[in-house]
Amino acid sequence: MNPLDIINKYYPGESELKHILLTHSRSVADKALEIAGRHPELGLDRDFLYEGAMLHDIGVFLTDADSIFCFGDKPYICHGYLGADLMRAEGYPRHALVCERHTGAGLSLEQILAQDLPVPHRDMVPVSMEEQVMCFSDKFFSKTHLDREKTVEKARKSLEKYGLAGVQRFDKWCELFL
């Protein structure tokens, strides 16, 4: 599977949004592969890490986030499950789970209900080790500051809006992956 073929299908031609998506996704993929290289004991699927990291944000174009040139009609937090729907339609259910489960540090059904989030009512927490590595790697890169990697402290702080569970999950990943 070539993730660029799928990206080009949904982001044809050249655009600022496509540039943002590709730059961000490559940064996430590089970090995920770096973690895999440092931790051979985890037995991570490197091909899947690359593909999943490149495709984790495929659904952003369907959301309303003017600052990154997204002019869809859904709230930004929906990009994960929307991307998952696209990936399932493409025949990639494993990649769909990465899309669905990477938002925040994953969203539990309890969090979704408590915060009345506009997403399907189901657990969306990373399960496989690869899903966890990709979700963790994503926390270090924003789509508005493409040229820099966040510190652990800034990445952790960005999760506070999702609640304590996500911060605790991130702290566990720091112990596992750094």
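Reader: How many disulfides does the count come to by this rule?

Author: Zero. Keep in mind that this is a predicted model. A disulfide needs two cysteine sulfur atoms within 2.5 Å.

Reader: How do you know that cysteine 78 is in no disulfide?

Author: Look at its nearest cysteine sulfur: that belongs to cysteine 70, and it sits 12 Å away. The cut-off is 2.5 Å, so the pair doesn't count. Cysteine 174 is in no disulfide either, with the nearest cysteine sulfur, that of cysteine 135, 12 Å away.

Reader: What makes cysteine 174 buried?

Author: Its relative accessible area is 15%, and buried means under 20%, so cysteine 174 qualifies. Cysteine 78 does too, at 1%.

Reader: Why is helix 3 called largely enclosed by the rest of the structure?

Author: Because seven of its 10 residues are buried. Among them are Phe48, Leu49 and Met54. The cover over the buried residues of helix 3 includes helix 1, helix 2, helix 4, helix 5 and helix 7.

Reader: Why is helix 4 called roughly antiparallel to helix 5?

Author: Helix 4 (residues 79-90) and helix 5 (residues 93-101) pack at about 170°, with their axes 7 Å apart. Anything over 145 degrees counts as roughly antiparallel, so that's the label for this pair.

Reader: Which residues of helix 4 and helix 5 meet there?

Author: On helix 4, Gly80, Tyr81, Gly83, Ala84, Met87 and Arg88; on helix 5, His95, Ala96, Leu97, Cys99 and Glu100. By class, that contact has six nonpolar, three polar and two charged residues.

How values were computed:
Residues are numbered from 1 along each chain as its sequence is written. This is a predicted model: local features need pLDDT of at least 70, side-chain atom pairs count only at pLDDT 80 or more; totals for chains, interfaces and linings use all residues. Side-chain values use heavy atoms; hydrogens and water are left out. Axes are lines fitted to C-alpha atoms, for helices over the stretch in contact, and angles run from 0 to 180 degrees between N-to-C directions. Helices (H or I, at least four residues) and strands (E, at least two) are DSSP runs, numbered from the N terminus. Angles under 35 degrees count as roughly parallel, over 145 as roughly antiparallel, 65 to 115 as roughly perpendicular and the rest as oblique. Contact means heavy atoms within 4.5 Å. Ala, Val, Leu, Ile, Met, Phe, Trp, Tyr, Cys and Pro count as nonpolar, Asp, Glu, Lys and Arg as charged, and the others, Gly among them, as polar. Buried means under 20% relative accessible area, exposed over 50%, partly exposed in between (1.4 Å probe, protein chains only).
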